[in-house]
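Grab a pencil and keep the viewer open. Try each exercise yourself before you read its solution.

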Amino acid sequence: MNVQSRFRDLDATAARPQGRQGWMARNRASMILLLLGLLALGGAYYWYTASSSNAGKPVVVTATRADVEDVVTAVGNLQPLTSVDVGAQVSGQLDTLHVQIGDDVMKGQLLAEIDSSVMAAKVDADNAQLQNFQAQLAEKQSSLALAQLQAGRQTRLMTDNATSQDALDTAEATAKSAAAQVKSVQAQIQQSESTLKADKATLSYSKIYAPMTGTISAIPAKQGQTLNANQQAPVILTIADLTTMTVYTQVSEADVPKLRIGMDAYFTTLGNGNRRYVGKLRQILPTPTVTNNVVLYTALFDVANPNKQLMSQMTAQVFFVRAFAQNAVIVPVAALHYGPPGPAAGRAGAAPQQGAANPAGRAGRGGGGGGGGRRGGRGAGAGAGGDAEAVLRPRAATVTVVKEDGSQETRDVMVGVTDRVNAQIISGLAEGEEVIAGQEVGTRTTPRPAPRPPGLPGVGGFR
């Protein structure tokens, strides 16, 4: 028994190492996964601490000079200011067209001719009829003269009781009848003359002349085509004055209240986006067009086109200028803080110093773009309109200025013209000074949302 017990102990001792190796083999995959998890957690922690070190870092921008426009944008198309469809007033075959599309014509110039043989024959018949009535008139006048002589003779004879009363009455009646026949023929002559005049006018319509000076923009009719003018006047060609073009702009109902008659407007074309064509708002049509429940009003303004580079139906990107500042000190709208009324707000109603908004209009290019009154720009103006002063009223705000030593200062500024990106600083900030326009989060910059001025809706502007 003792020997057997010793052999069992030896077997158990030999089998014990083999059991550890099996356990290690079975759990090797789990250990590898655990190690990878620990490495991932370490990497995430390192990334988080590294990115957190940049969190809250301010975004510093420098006040610069540039032009700022507060505009209402829209899309439009070009049409000639004046154009006329030239039609035919008579029926017949279009014999000759003397012009082509694109030709410049003068008022009174012969454009086309319609077959006039039937109308010419009718005029000849009217002339013959008129000559017949004139001959009848001569005959009736002779008969009248004879009847008047006979009536006079019978009157003298009756004085001497040398004739009867019946003969006298007959002679007088004959004279009156002859006079009436003369008047009848004269009336027929007047009618014939009127008919001849009308037929001559109809004959003249066979030759079509230019009613205005301009350019041939369309010729829907073709030479040799038969024209029927009995029901409506067929259009032969169209003449347009291309020296002045009208921009038909579709403005949304939300932007219509921002427009004022006489305000500056400009547009660019698809083919030449770098050139501006300038005009002034002339009219806003009262009746809108509704497309897919979208209400659009048509605003019109005219532009000169002396070189005829602008053509009909060109697409125009239109900008109605509500306010403008040239060479103004600007900062991003994200750098502005509009808070409750304070000392700066109390100064908002006062007339600004150098660099104030100029309600005389953009054409004046008046003062603007201030820099604390130390470096005046050329800047703010607005299109002429009823509430231009309200549009251009300076507003008080604050900015956080970064000084040269790195310290920060909250400063009151006066804000002028503002678009969706930049704002004009009328006073309180000079060109080259640095302001805070947001904060960085991690490695990305998250700008502060554009502030809303007190009492004015929209994003940092005159919206």
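Here come five exercises on this predicted model.

**Exercise 1. Get an overview: how many helices and strands does the protein have, and what share of its residues is buried?**

Step 1: Start with the elements. You should find 5 helices and 20 strands.

Step 2: Now turn to burial. Of the 463 residues in the protein, 35% are buried.

Step 3: Finish with the surface. The accessible surface comes to about 26600 Å², and carbon and sulfur atoms hold 53% of that.

**Exercise 2. Check the length of helix H2 against its number of residues, then list which of its residues are buried.**

Step 1: Helix H2 covers residues 117-159, which is 43 residues.

Step 2: The expected span is 1.5 Å times one less than the number of residues, so H2 should span 63 Å.

Step 3: Compare that with the model. The end C-alpha atoms of H2 are 64 Å apart, which agrees with the expected span.

Step 4: Now pick out the buried residues. They are Met-119, Val-123, Asp-126, Leu-130, Phe-133, Leu-137, Leu-144, Ala-147, Ala-151 and Gln-154.

Step 5: Look at the spacing with the helix turn in mind. An α-helix has 3.6 residues a turn, so residues three or four places apart point the same way.

Step 6: What sits over those buried residues? Part of the cover is helix H3 (165-204).

Step 7: Follow the chain just past the end of H2, and you meet Asn-161 with a positive phi of about 55°.

**Exercise 3. Find the nonpolar surface patch that includes Leu-39, and decide whether Leu-39 is buried or exposed.**

Step 1: The patch is made by Ile-32, Leu-33, Leu-35, Leu-36 and Leu-39, and its area is about 530 Å².

Step 2: Place Leu-39 in the fold: this residue belongs to helix H1 (residues 2-52).

Step 3: Apply the cut-off. Exposed means over 50% relative accessible area. Leu-39 has 56%, so Leu-39 counts as exposed.

**Exercise 4. Work out the strand order in the open sheet of 4 strands, and name its edges.**

Step 1: Walk across the sheet. The order is S6-S5-S3-S8, and the pairing is antiparallel.

Step 2: Which strands pair on one side only? Those are the edge strands, S6 (207-209) and S8 (226-227).

Step 3: Zoom in on one pair. Strand S5 (residues 110-114) is joined to S6 by 3 bridges, and Leu-110 faces Tyr-209 in S6.

**Exercise 5. Take two of the salt bridges and say which parts of the chain they link.**

Step 1: Searching the whole structure gives 11 salt bridges.

Step 2: Begin with Glu-431 and Arg-65, whose side chains meet at 2.9 Å, N to O. Glu-431 is in the loop between strand S18 (422-427) and strand S19 (434-441), while Arg-65 is in strand S2 (residues 64-87), so this pair ties together parts 366 residues apart in sequence.

Step 3: Next, try Glu-69 and Arg-276, which form a salt bridge at 3.2 Å, N to O. Glu-69 sits in strand S2 and Arg-276 in the loop between S10 and S11, 207 residues apart.

Step 4: Buried or partly exposed? Use the under 20% cut-off for buried. Glu-69 has 14% relative accessibility, so Glu-69 counts as buried. Arg-276 has a relative accessible area of 42%, so Arg-276 is partly exposed.

Conventions. Residues are numbered from 1 along each chain as its sequence is written. This is a predicted model: local features need pLDDT of at least 70, side-chain atom pairs count only at pLDDT 80 or more; totals for chains, interfaces and linings use all residues. Side-chain values use heavy atoms; hydrogens and water are left out. Buried means under 20% relative accessible area, exposed over 50%, partly exposed in between (1.4 Å probe, protein chains only). Contact means heavy atoms within 4.5 Å. Patches are made of residues with over 30% relative accessible area and no salt bridge: like charges are joined within 9 Å, nonpolar side chains (Val, Leu, Ile, Met, Phe, Trp, Tyr) within 5 Å. Accessible areas come from the Shrake-Rupley method with a 1.4 Å probe; for residues, only the protein chains shown count as cover. A salt bridge is a side-chain nitrogen of Lys or Arg within 4 Å of a carboxyl oxygen of Asp or Glu. Two strands pair if DSSP finds at least two bridges between them.
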